[in-house]
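Colleague: I've got a new structure open and don't know my way around yet. Can you walk me through it?

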Amino acid sequence: MNTYRVLEPTLKDILDGIQPLREDWVVRFKVIEELEDVIKSVESLRGSTVEPFGSFVSNLFTRWGDLDISIVLSNGSYISSAGKRRKQNLLEDVLKALRQRGGWQRLQFIPNARVPILKFENASISCDVSIDNMQGLMKSKFLFWINEIDRRFRDMVLLVKEWAKTHNINNPKAGSLNSYSLSLLVIFHFQTCVPAILPPLKEIYPRNVIDDLTGVRTDAERRIGEICAANISRYRSNKSRAINRNSLSELFISFLTKFYDISSKATELGICPFTGKWEEIRSNTRWLPRTYALFIEDPFEQPENTARAVSAANLMKISEAIQTTHHKLVMANQNQLSFLGMLVRPRISRIIAGTPASNSSYTAGHHVRIPVGTPSYTSVHRVRTPVGTSSYMAGQHITTRSQTSRSVYSPSQAQFQTLNISPASHPSNLSSQTLNIRPENHPSNLSSQRLGSRSSNSTNQRLENQTNNSTRQRYVPHYHIQGQPAWRPKSDQ
């Protein structure tokens, strides 16, 4: 089909244009470090830690993605449970400190949100700061772990988010979808493909995750991580499981096909990634009474609706965007330029115009640049460190056993399994040998100084740099095994 022949390299070029560059990581670490310095000056937050979460930690952010940060209160080794009023007061203290320090733009305090948030911009990065957001921290890890089952998940999330921004349906403040809901839609699509790419999430963690985030933090996170590790390993090593070999373009079009009539389906059915099924709203007492235009259940915080902000009018807009895109993509005689107009915003299209389509196989990993040590399902445990340290993702050594991946799109990953993993290791580095990977290489442990360059102070400047040098390599951190540079797949070189 001509559509797939043109769309496949177009999607690859889009990914090359929106994936983070080295300086995009650097500038976010710099923002985190600067916020740490501010928090140290706030008396009411003495002993707190500053911890990133969201798409930055799950590695689902684009070059222009927001940065989510949680200020985790000191509560010994136990998970803190500050009330909403206290969170509001603490964020007011942070707001005062930021104003006194200066250099923080577009400060906005939203105290009455479901989760009180302080928003600001720094170095052209939009940031959302919350207090004790353990739910967000844990969900970020889960999304990363899910990506380890099949790397096409990450690519699809990035593509769907960019497509949604292009059609103005990725803005919960305006009554449309948030990015977390879009990620869940991709999960649901991968669960309901034939053959399925992802299992129902209850097969990864059979309980409501939020209910188990109690007690000693490291113990709670270790228990959750070990259960997920075992279940993900079991799913990936199941030799009777049929393998889905669809290309990225086929998956994208089938995504649009699946949700083509979402506005009519939503009147009776809800999307449930926990079971991997469309569920009848009237048969699910947890979802009643029906008060939302669209129901996408949060699999980690049931029965919360992640699409609660979507209005009836915006649901129609979402449906129209899906139908229009689907119709144009399957039309005959389409070219890359016409595809770009439907899939990306103009500034992204200008970047891509200077980037030739890659000839490398998608099965080789499609130039996915994932820094070493992004949290893996085998062993991620945040350890409290004093504010001001650069170790956001330190952890203890946990040994788990993971079977060889059967994903046909990650051959290099398949060579890197069955191991003892230290908390900073990244599953893309796994091998059949027992490895000891240095924890300081986790991306959240990197600093702008160790990365060796100063971050840009404006998004426009970074855009211009990318446009003028479209062949510049993505950031590839060093891999270390027992202190020595390690072999890495050609797709990462």
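Modeller: Sure, one term before we start: two strands pair if DSSP finds at least two bridges between them. With that in hand, serine 70 has serine 130, in S5, as its bridge partner. Keep in mind that this is a predicted model.

Colleague: Which strands pair there, and in what sense?

Modeller: Strand S2 (residues 67-72) pairs with strand S5 (residues 125-131), in the parallel sense and over five bridges.

Colleague: What order do the strands take in the sheet?

Modeller: The order is S1-S2-S5-S4-S3, five strands in an open sheet with mixed pairing. Strand S1 (49-53) and strand S3 (105-110) have a single partner strand each, so one side of each has no neighbour in the sheet. From one strand to the next, the twist averages 25°.

Colleague: Which helix lies across S2 and S3?

Modeller: That's helix H4 (residues 84-101), which also lies across strand S4 (117-122) and S5. Helix H4 runs at about 165° to S3.

Colleague: Switching topic: how many salt bridges are there in the whole structure?

Modeller: The search finds 20. In one of them, arginine 217 meets glutamate 51, at 2.9 Å from N to O. Arginine 217 belongs to helix H8 and glutamate 51 to strand S1, so the pair ties together parts 166 residues apart in sequence.

Colleague: Are those two buried or exposed?

Modeller: Arginine 217 is buried, at a relative accessible area of 2%. Glutamate 51 is buried as well, at 3%.

Colleague: And how does the length of H8 compare with what it should span?

Modeller: Helix H8 (residues 217-236) has 20 residues, which at 1.5 Å a residue should span 28 Å, and its end C-alpha atoms are 28 Å apart, so the two agree.

Colleague: What does aspartate 298 form a salt bridge with?

Modeller: Lysine 139, with the closest N and O atoms 2.6 Å apart. Both aspartate 298 and lysine 139 are buried. They also sit in a network of salt bridges with Arg114, Glu301 and Glu304.

Colleague: Last one: where is the confidence lowest and highest among the elements?

Modeller: Helix H14 (residues 411-414) has the lowest mean pLDDT, 29, while helix H7 (residues 179-192) has the highest, 98. Over residues 356-493 the pLDDT is below 50. Where pLDDT is low, the predicted coordinates shouldn't be read in detail.

Colleague: What about the chain as a whole?

Modeller: The chain averages a pLDDT of 77, and 71% of the residues score at least 70.

Conventions:
Residues numbered from 1 in each chain as written. Predicted model: local features only at pLDDT ≥ 70, side-chain atom pairs only at ≥ 80, totals over all residues. Heavy atoms only, no water. pLDDT = per-residue confidence, 0-100. Helix = DSSP H or I, 4+ residues; strand = E, 2+ residues; numbered from the N terminus. Contact = heavy atoms within 4.5 Å. Expected span 1.5 Å × (residues − 1). Axes fitted to C-alpha atoms, helices over the stretch in contact; angles between N-to-C directions. Salt bridge = Lys/Arg side-chain N within 4 Å of Asp/Glu carboxyl O. Buried < 20%, exposed > 50% of the residue type's maximum accessible area, 1.4 Å probe, protein only.
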